[in-house]
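The following paragraphs lead the reader through a protein structure, beginning with a contact between helices. Please keep the sequence and the structure in view while reading.

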Amino acid sequence: MAKKADFTSEEWQLLLSVPQVASLYLALASPSGPLGLAQEMIASTKGIVEALKASSGNELIDAVAADMREKVEKREKLEPPLKPGNDLAKMKDQCLQACREAAALLSQKAPADAERYKQWVYQSAQNSANAAKEGGVFGIGGERVSEAETAALKEIAVALDIPSLSGA
């Protein structure tokens with residue numbers, strides 16, 4: 001089972017940030033307005049917080065969660081592996097690239113933990129997709145997961161090298 005010591009500092013930062021990066025990709029794929037975006041990011045964080053509270057039974061996820069908990073307690077910011085910029089297409093590409101890099105890293109250094117970790121990241125993004133209705137007026141009507149979000153979930157699954165679980 002993989003531990004923090006098995007990864008370089010840069011690799012560990014990637015693993016810490018990928019759940020948020022995947023959720024960000026989903027939000028960028030189908031902007032839901034300010035309220036929807038807030039709901040989606042809160043939902044993403046909720047899955048991470050749940051991992052912080054209880055053991056997942058997976059050493060790697062538990063180690064990532066413990067490190068996140070420590071950063072939250074120290075009020076340190078998690079630095080996503082994204083280069084700042086205003087180009088939406090480039091940000092989306094960077095999000096998927098981070099997912100691909102994490103998947104490759106896990107396959108190489110932590111094959112026993114890779115599948116469970118990647119599913120956890122995917123679930124974080126799926127929670128974001130389910131958080132806010134798309135379309136409709138003032139929350140009436142609309143759909144829970146838009147076509148753009150469904151497509152984004154499939155792209156995240158491909159980047160993570162896992163089967164798409166979309167039924168979001």
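**Helix packing and the cysteines**

In α1, the residues E11, L14, L15, V18, V21, A22, L24, Y25, L28 and A29 meet L88, M91, K92, C95, L96, A98, C99, E101, A102, L105, L106 and K109 in α4. By character, the residues of this contact of α1 with α4 divide into 18 nonpolar, no polar and 4 charged. The model in which these contacts are found is a predicted one.

The geometry of this pair may be described next. Helix α1 comprises residues 9-29 and packs against α4 at an angle of about 140°, with the two axes 9 Å apart. Because an angle of that value falls outside the range over 145 degrees that counts as roughly antiparallel, α1 is classed as oblique to α4. The crossing in which α1 passes α4 is left-handed.

Helix α4 also packs against α5. Here α4 spans residues 88-109 and α5 spans residues 111-129; the angle between the helices is about 150°, and their axes lie 6 Å apart. α4 is therefore roughly antiparallel to α5. In this case α4 passes α5 in a right-handed crossing. The contact is formed by A103, L106, S107, Q108 and K109 in α4, which meet P111, A114, Y117 and K118 in α5. Its residues divide into 5 nonpolar, 2 polar and 2 charged. L106 and K109 of α4 take part in this contact and are also listed in the contact with α1.

Two cysteines of α4, C95 and C99, appear in the contact with α1. What does a search of the whole structure find in the way of disulfides? The search finds 0 disulfides. C95 is in no disulfide, and the nearest cysteine sulfur, that of C99, is 7.2 Å away. Likewise, C99 is in no disulfide, its nearest cysteine sulfur being that of C95, at 7.2 Å. A pair of cysteine sulfur atoms counts as a disulfide within 2.5 Å, so a separation beyond that limit does not qualify. Are these cysteines buried or exposed? C95 is buried, with a relative accessible area of 0%, and C99 is buried as well, with a relative accessible area of 1%.

The chain as a whole provides the setting for these details. The protein chain contains 6 helices and 0 strands, and from the N terminus on its elements run α-α-α-α-α-α. Of its 168 residues, 42% count as buried. Among contacts between residues at least 6 apart in sequence, 72% join residues at least 24 apart.

Definitions and conventions
Residues numbered from 1 in each chain as written. Predicted model: local features only at pLDDT ≥ 70, side-chain atom pairs only at ≥ 80, totals over all residues. Heavy atoms only, no water. Axes fitted to C-alpha atoms, helices over the stretch in contact; angles between N-to-C directions. Helix = DSSP H or I, 4+ residues; strand = E, 2+ residues; numbered from the N terminus. Parallel < 35°, antiparallel > 145°, perpendicular 65-115°, else oblique. Left-handed = near helix turned anticlockwise from the far one by under 90°. Contact = heavy atoms within 4.5 Å. Nonpolar A, V, L, I, M, F, W, Y, C, P; charged D, E, K, R; others polar. Buried < 20%, exposed > 50% of the residue type's maximum accessible area, 1.4 Å probe, protein only.
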